[in-house]
Amino acid sequence: MRTKPGLLQTQAFRIVLVYVVLFAVSVTALLFFTYWNTRRTLDGQADRIIEAEITGLSEEYQHFALPGLVETVRARTPHAGQALYLLVDNLHHYVAGNLDSWPQITAVPGEMIEFDYERPINGRQEARRARGRVILVPGNYYLLVAQDVHDRYLTERMFTTTLPWTVLLILVLGAAGGGLMSRNMLRRLDTINRTSGEIIAGDLTRRVPLTGSGDEFDALAENLNRMLDRIERLMKGMREVTDSVAHDLRTPLNRLRNRLEEAAARLNASGAQKSEMLAGEIERAIAETDQLIATFNALLLIAETDAGTTRAAMSPLDLGELAADVAELYEPLAEEKQISLAVLPGPAAGVEGNRSLIAQALANLVDNAIKYTPAGGQVRIRTAVTEAGVDLSVADTGPGIPESDRPRVTERFVRLEASRNSPGTGLGLSLVAAVAHYHNAALVLEDNVSSGVPAGLKAVLHFPKTAMRAVPGAPLKSAAE
Ligand SMILES: Nc1ncnc2c1ncn2[C@@H]1O[C@H](COP(=O)(O)OP(=O)(O)OP(=O)(O)O)[C@@H](O)[C@H]1O
Ligand SMILES: [Mg+2]
């Protein structure tokens, strides 16, 4: 047996791992995209405000020159909100604005820059982040117009610090969850493997247990079990056939051997008597061989039908028509035994089935009915359509079969004590049962009750509703009929 691979080497865990990594990458990409988009929008907003401020301030400058600009900056400072202004001279000395000193920036005039500055909040100096633009004011002055973007900056910082942890968490949780999931999956596979091992070791009765969850593993287990049922049935059939051949064919083979021995012994007799006796023995030996061949054929047909290995073609057929054909075939035999044989009129009974197998089964039932019913009796074949499906029955007025014997008469080579004196091999009902099984039908043996009193045997083949078909080639009945 192969050794069990560790969890990490199993295909299930590898698949889970690939998915976890893919998931982590997708989440990271999605977060980055969201971050980048948000930042772009927020920056765009800030930039538009800054540009509008600059436009306003440059208009002031154009109209009122430097004093006008200083005045406006001073006027705006008290209610500046997020806006920041700082006007300095060429030595970066404060002239006007709500920033105390020129921040640490290497500004290229005209370009947006980000910088840190300090601002008193609740009485404490706090480092904050801003975004703005420096413009050159004629006369060697510099004007910084900016917006406080500290909130955006904090969000950004939070994002960059939490992202690696988020990804790590996804990976760890995913791997742990994947491990658990694949362990669960592997446990189920292991059960299937163990059961297969036990079956390989020889215990064909073992079955894979179901969890009842109805998932794929249960479906697999169910299919495996069904396959095992079929294999077991085939094996049982094979064993029964070989057992039957070994036990029940020994007697006729011995008989045949004795006949031939007797014939050999008669070789010593003389003249015409010799050839006459020899011819008789040979004829009897041939009859015995025919019987043996028939038995072999019956056994084979039963085994094949029972195991479902025959390739018997199924087609829609009319049971009533089939009954009439079989009855016609047995009419001479019934007449010879002074038994009245008839097919009772019944409804159109169409089923999907194999014609020759069903005909053989019905012939066996009719054969039994005629064989075991005393002279003067009746045999009736009938079809019926019920709620459950279609019935095909053969009823006789013979001795019937005691209820306790009914289960075993369908077994191979079983003949009841009462019929020891009539010819037969005990395979007839076995074939009927096998044909029934092949068609998902049931063979039921019951009392043939006539005017309340049991009067013989009634053998019924119950075909299920699913086997019902329209009778092929039946003339369409018109409403006028
Ligand atoms: N209609 C019947 N009435 C009474 N007994 C029956 C009837 N049909 C079957 N049996 C009993 O059931 C036994 C099994 O029947 P089955 O048809 O399998 O074998 P068989 O008739 O003895 O031999 P074969 O059919 O192989 O020639 C018979 O031997 C007989 O004892
Ligand atoms: Mg029979």
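Two residues are in contact here if their C-beta atoms, placed from the backbone, lie within 7 Å. The model is predicted.

**Exercise 1. Describe how α6 packs on α7, and state which residues make the contact.**

Step 1. Locate the helices. α6 spans residues 319–336 and α7 spans residues 355–372.

Step 2. Set the geometry. Two packed helices are described by the angle between their axes and the distance between the axes. For α6 and α7 the angle is about 35 degrees, and the axes are 10 Å apart. The crossing is right-handed.

Step 3. Apply the contact criterion. On the α6 side it picks out L322, A323, D325, V326, L329, Y330, L333 and A334. On the α7 side it picks out R355, I358, A359, L362, A363, V366 and I370.

Step 4. Sort by class. This contact holds 13 nonpolar residues, two charged ones and no polar ones.

**Exercise 2. Work out the strand order of the five-stranded sheet, then place α6 on it.**

Step 1. Read the order: β7-β9-β10-β12-β11. The sheet is open and its pairing is mixed.

Step 2. Find the edges. β7 (340–343) and β11 (442–450) each pair on one side only.

Step 3. Check the twist. Neighbouring strands are turned by 20 degrees against each other on average, direction ignored.

Step 4. Examine one pair. β9 (residues 378–385) and β10 (residues 389–396) run antiparallel and are joined by seven bridges. R380 has A395 in β10 as its bridge partner.

Step 5. Add the helix. α6 lies across β7, β9 and β10. Relative to β7, α6 runs at about 165 degrees.

**Exercise 3. Decide whether α9 is largely enclosed or open, and name what surrounds α9.**

Step 1. Fix the cut-off. A residue is buried if 20 or more other C-beta atoms lie within 10 Å of its own.

Step 2. Count. Helix α9 covers residues 428–438, and ten of its eleven residues are buried, so α9 is largely enclosed by the rest of the structure.

Step 3. List the buried residues. They are G428, L429, S430, L431, V432, A433, A434, V435, A436 and Y438.

Step 4. Name the neighbours. These buried residues pack against α5 (271–307), α7, α8 (406–409), β11 and β12 (453–464).

Step 5. Look past the helix end. Just after α9, N440 takes a positive phi of about 60 degrees.

**Exercise 4. Characterise the packing of α7 on α9.**

Step 1. Take the axes. Those of α7 and α9 come within 9 Å and cross at roughly 145 degrees.

Step 2. Assign the hand. This crossing is left-handed.

Step 3. List the contact. α7 supplies L357, I358, Q360, A361, N364, L365, D367 and N368. α9 supplies G428, L429, L431, V432, V435 and Y438.

Step 4. Sort by class. The α7 and α9 contact has nine nonpolar, four polar and one charged residues.

**Exercise 5. Describe the shell around ligand 1.**

Step 1. Count the shell. Ligand 1 is surrounded by 23 residues. The closest are N368, L416, G424, G428 and L429.

Step 2. Trace the elements. α7 and α9 are the elements that give two or more residues. α7 gives the most, with four.

Step 3. Sort by class. The shell has eleven nonpolar, ten polar and two charged residues.

**Exercise 6. Analyse the hairpin of β3 and β4.**

Step 1. Pair the strands. β3 (residues 113–121) and β4 (residues 124–137) are antiparallel, with nine bridges.

Step 2. Pick out one bridge. P120 is partnered by Q125 in β4.

Step 3. Inspect the turn. Two residues lie between the strands, and N122 takes a positive phi near 50 degrees.

Notes. Residues numbered from 1 in each chain as written. Chains lettered and ligands numbered in written order. Predicted model: local features only at pLDDT ≥ 70, side-chain atom pairs only at ≥ 80, totals over all residues. Axes fitted to C-alpha atoms, helices over the stretch in contact; angles between N-to-C directions. Left-handed = near helix turned anticlockwise from the far one by under 90°. Nonpolar A, V, L, I, M, F, W, Y, C, P; charged D, E, K, R; others polar. Pairing = 2+ DSSP bridges. Buried ≥ 20, exposed ≤ 12 C-beta atoms within 10 Å, placed from the backbone. Near = placed C-beta within 6 Å.
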